[in-house]
Amino acid sequence: MEIKHLPHDKLNDLFDAIIMSDYTLVGPKEKDGVISYDPIESVDDLPQGIIDHQNPGNYALQKTESSRFFAYTISPFSWKKFLYPPTHSLFKATKNENGISFKVNKDEPKYAFIGVRGCEMTAIAIQDKVFMGGDYIDPSYKKRREQALIVGVECYNTCETCFCDSVGSGPEIPEGSDIVLTEIIEKENHYFLVRSETEKGQNILNQLNLEKADETQSMIKDAQLERVRSQLKRKVKVSGLQSKLKENPNHPRWDEVAERCLACTNCTMVCPTCFCMTVEDINDLDGNTERQRRWDSCFSSEFTYIHGGNTRSSTKAKYRQWLTHKFATWQDQFDSLGCVGCGRCITWCPPGIDITEEVAALSESPDTYHKKESSHG
Amino acid sequence: MENILKSEMGFQPTQPMLPTLFTVDSKIQETHDTWSLFLNNSNGNSLQEFSPGQFNMLYAYGVGEVPISISGNCQNQNSLVHTIRNVGMVSNALCGLNQGDQVGVRGPFGTSWPMEKFKGKDVIIVSGGIGLAPLRPAVYHILNNRDDYNHVALAYGARAPEEILYPKQIMEWRSHLDLQVRVTVDSSDQKWHGQVGVVTTLIPRLNIDPDNAVALVCGPEVMIRFGVRELIKYGLDTDQIWVSMERNMKCGIGLCGHCQLGPDFICKDGAVYNYVKAERFFKTKEL
C-alpha cells in the first residue's frame with residue numbers, strides 16, 4: 001500500500017472524513033488523570049504533548065512541551081470496552097396473560113477507533129477468534145467489529161511495563177487495521193505517514209488529497225519503530241512456556257505470588273483479551289426484566305460456584321488459572337497467546353505483580369527453584 | 001463423541017443467548033427438594049432432538065438461567081424432561097413453576113454418552129444423587145435398544161432412602177430380568193432394608209465382564225473419583241470409563257469462560273468425557 005504524507009494540520013480533515021462516513025469517532029483523551037479512550041470530536045480533544053509513566057502498580061501523566069498528539073503509550077482502557085462493552089443487554093422480556101415475550105436490540109454503534117497500537121490490534125484479532133471464530137458467534141460483537149473502522153497509530157514511546165516484541169504483538173501494527181498512521185516530528189516538520197490497509201480505509205483516504213511520502217520519510221518511520229523496539233525493557237520467553245506451565249501446577253512460585261495477589265480482578269478488567277462474562281437479571285417494578293451480560297473475572301469470589309462451593313477458591317488457584325490461561329491453555333483453545341504484552345496488568349496491579357517476572361520464575365524448574373525476595377512484595 | 005444435535009426449531013444460532021419459550025405441561029415431585037418438569041414448545045413446534053448426557057440452559061423469567069441435564073427419553077417426542085434439584089435461586093424458581101407456566105430453553109449443549117460405541121458391550125452405570133438424571137436418557141436408550149447391549153447394570157447411591165431419585169422407576173427397572181439394579185444409601189434408619197454404604201461398594205458385586213465392559217459415571221466429583229478407582233480395581237481400563245463433569249456455566253456456548261478446566265470448556269468439550277481425557281482434571285487440586 002502506498003504511503004502518503006499527511007501534514008499535522010490536516011489530521012482533522014481525516015477525522016472529518018471519518019465522521020462524514022457516519023462513524024462515531026473514539027480516541028485518546030485526557031480524562032480523570034488518565035488517557036482514556038472516549039468519543040472525540042476533533043484533534044482538539046487529543047492529549048497533545050502528554051506522556052504516561054507506567055510502572056508496576058503505578059501510573060502518572062506528564063504534560064510536556066511536545067506538540068505530539070500521540071506521545072502517550074497506551075490507555076488503561078482497551079478498545080474492548082467498545083466492541084465488548086462492560087455491560088450489554090442480551091434481551092428484554094415482558095410477561096402478560098399471553099405469556100413471556102423477548103425483545104433483542106440488534107442495533108449496534110458504528111465506531112472508528114483512532115490510535116490503536118500494535119498490541120491492541122493483536123488483542124482485537126485475538127478477541128475476534130473468541131467471539132467470531134467458534135461454533136457460536138456473539139452477534140453483538142460481530143456487528144460492532146464488522147462495522148468498525150480501525151485507525152492504528154504506531155507507538156513513539158514505550159512504557160516501563162510493556163513488552164509487545166517478545167510476545168510478537170508489536171510494536172508494528174499487525175494486519176487487521178484499516179488505516180495506519182505514523183506520527184513524525186523532525187525539526188519544524190510535524191506530519192503523519194499514512195497508509196490504508198483495506199478498501200474501507202482507502203475509501204476514507206480517497207476523500208483527502210494526500211501527496212505521496214518520500215523515501216526518507218519512510219526510513220524515519222522504520223527507524224522510529226526500531227527505536228521503540230529497542231526501548232522495551234520487559235520480555236517474556238515464550239518458547240517452551242506452554243508445557244512448563246502445564247507440567248508444574250504445583251510450582252512453589254504459585255504459592256508465593258498468591259501471598260501478594262489481592263484477587264482484586266484489576267488485571268482482568270484492564271486486560272484487552274480477557275473475555276469472561278457473567279449474566280445479570282434486572283427487574284423493574286412493572287414486572288419487566290432485562291438480561292445483561294457483564295464482564296466477569298476468574299478472580300471473582302463466586303466465579304466457579306456450583307452447589308457445594310467454589311471449585312477454585314484459593315488465590316493460588318485463581319492466579320494459576322489466569323496466568324496459565326494467558327500463556328498455555330489459550331493456545332490450545334484459540335491457537336494464539338492470550339497475552340499481547342501491553343503491560344496493563346502490571347501497571348494496574350495494586351501490589352505491582354509483574355507478569356513477566358512471574359513467568360520467568362515459573363519457567364525455572366520447580367526442583368531447583370529457591371524462594372527469592374520479590375522486589376515488589 | 002456423538003455430534004451435538006442442533007435443533008431446527010427453537011434455538012437460533014444467530015442469537016445464541018436468546019432462549020426459546022417452552023410451557024410446563026406437568027411436573028412431578030421426585031424427592032423433598034427435587035422436581036421433574038415436562039416441557040412443550042410454546043409455539044407448538046416439534047421438540048428439539050438431543051442425545052443422552054446433553055444439557056439445556058433453563059431460564060426462569062426475571063431470575064436467571066442454569067444448566068440442567070436433559071433427563072427424559074430421546075425417543076419420547078411428547079415432552080422435554082428436566083429433573084431439577086432446588087439448591088439455589090434459579091433452581092428454586094424453576095422448581096416452583098406450575099402447569100402452564102413458561103420457561104426459556106437454550107440448547108441442547110455439550111457432548112453425550114456415545115451409546116453407538118457401546119453396542120455389544122456390558123454396560124455399568126454408576127451414579128450418585130441427582131447424577132442419575134443425566135444418565136436416565138442412557139438407561140432409556142439401552143431399554144429402547146436392549147438387544148444392542150450385553151449385560152447391563154445400574155449402581156445407584158443416594159444419601160438416604162428418601163433421597164432416592166425416580167424410586168418408582170427404579171422399582172420398575174428392577175423387574176427387568178435383563179437389568180441388574182443395585183441401590184445403596186449412605187445412611188438410614190431401620191425402615192430401610194436395602195444396602196447401606198457408598199455406591200462404590202456395589203461395583204465388585206455386579207455381574208459384568210470387565211474386559212468387555214464400559215462404565216458411565218455421574219455424580220458428585222468425589223464419587224466420580226472413587227467410582228473410577230473402584231472400576232479400575234474391578235478390571236476396567238481408563239478408556240472403558242466415561243464420566244460427566246460439572247462446572248459453573250453462564251452461557252453453555254463457550255463464551256462466558258466460567259466452566260474452563262485446563263484447556264477445556266466443559267460446556268462444549270464436555271460435559272461427558274472419556275476418562276482418558278478427563279483424568280488430568282482430577283490430578284491437580286483446584287485446577
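Two strands pair if DSSP finds at least two bridges between them. The views below show a predicted model.

**View 1. Strand 1 and strand 2 of chain B form a hairpin.** Strand 1 (20–31) and strand 2 (34–41) of chain B run antiparallel, joined over eight bridges. Two residues lie between the two strands. Val24(B) has Leu39(B) of strand 2 as its bridge partner. Strand 2 of chain B also pairs with strand 5 of chain B, again in the antiparallel sense, over six bridges. Trp35(B) is matched with Ile84(B) in strand 5. Leu37(B) faces His82(B), also in strand 5 of chain B.

**View 2. The hairpin belongs to an open sheet of six strands in chain B.** The strand order is 4-3-6-1-2-5, with antiparallel pairing. In general, strands of a sheet pair through backbone hydrogen bonds. Strand 4 (64–69) and strand 5 of chain B are the edge strands, and each pairs on one side only. From one strand to the next, the twist averages 40°.

**View 3. Asp101(B) sits in a loop that leads to strand 6 of chain B.** The loop runs between helix 1 (89–95) and strand 6 (102–109). Asp101(B) counts as partly exposed because it has 18 C-beta neighbours inside 10 Å. A buried residue would need 20 or more, and an exposed one 12 or fewer. Val81(B) is 20 residues away from Asp101(B) in sequence. In space, the two C-alpha atoms are 15 Å apart.

**View 4. Chain B has two domains in contact.** Domain 1 spans 20–109 and domain 2 spans 122–244. Their C-alpha centres lie 24 Å apart. The contact involves 15 residues of domain 1 and 14 residues of domain 2. On the domain 1 side, strand 1 (20–31) and strand 5 (80–85) of chain B each supply at least two residues. That side has three nonpolar, ten polar and two charged residues.

**View 5. Chain A also divides into two domains.** Domain 1 takes in 4–84 and 108–231, while domain 2 takes in 241–278 and 297–363. Their C-alpha centres are 28 Å apart. The contact draws 27 residues from domain 1 and 23 residues from domain 2. Strand 4 (50–55), strand 5 (58–63) and helix 3 (118–132) of chain A each give at least two residues to the domain 1 side. Helix 3 gives the most, with eight residues. By class, the domain 1 side holds 14 nonpolar, ten polar and three charged residues.

**View 6. Chain A and chain B meet at an interface.** Chain A contributes 36 residues and chain B contributes 32 residues. On the chain A side, the elements that give two or more residues are strand 6 (87–96), strand 7 (99–103), strand 13 (277–283), strand 15 (305–306) and helix 10 (315–334). Strand 13 of chain A gives the most, with five residues. The chain A side has 19 nonpolar, eleven polar and six charged residues.

**View 7. The largest nonpolar core has 181 residues.** Ile125(B), Ala155(B), Ala215(B), Trp242(B) and Val243(B) touch the most other members. Helix 3 of chain A gives the most to this core, with seven residues. Leaving out residues up to four places away in sequence, Ala215(B) touches Ile124(B), Val126(B), Leu231(B), Leu236(B), Gln240(B), Ile241(B) and Trp242(B).

**View 8. Two peptide bonds are shown in the cis form.** In chain A, the bond from Gly170(A) to Pro171(A) is cis, with omega near 0°. Pro171(A) lies in the loop between strand 9 (149–153) and strand 10 (179–186) of chain A. In chain B, the bond from Gly270(B) to Ala271(B) is cis, with omega near 5°. Ala271(B) is in the loop between helix 5 (266–269) and strand 15 (272–274) of chain B.

**View 9. Asp22(A) and Asp32(A) have positive phi.** Neither Asp22(A) nor Asp32(A) is a glycine. Phi is about 70° at Asp22(A) and about 55° at Asp32(A). Asp22(A) lies in the loop between helix 1 (11–20) and strand 2 (24–31) of chain A. Asp22(A) counts as exposed because it has 9 C-beta neighbours inside 10 Å. Asp32(A) lies in the loop between strand 2 and strand 3 (34–39) of chain A. With 5 other C-beta atoms within 10 Å, Asp32(A) is exposed.

Note on methods:
Residues are numbered from 1 along each chain as its sequence is written. Chains are lettered from A and ligands numbered from 1 in the order in which they are written. This is a predicted model: local features need pLDDT of at least 70, side-chain atom pairs count only at pLDDT 80 or more; totals for chains, interfaces and linings use all residues. Domain bounds come from an automatic or database domain assignment. Two residues are in contact if their C-beta atoms, placed from the backbone, lie within 7 Å. Helices (H or I, at least four residues) and strands (E, at least two) are DSSP runs, numbered from the N terminus. Ala, Val, Leu, Ile, Met, Phe, Trp, Tyr, Cys and Pro count as nonpolar, Asp, Glu, Lys and Arg as charged, and the others, Gly among them, as polar. Axes are lines fitted to C-alpha atoms, for helices over the stretch in contact, and angles run from 0 to 180 degrees between N-to-C directions. A nonpolar core is a set of buried Ala, Val, Leu, Ile, Met, Phe, Trp, Tyr and Cys residues joined through C-beta atoms within 7 Å.
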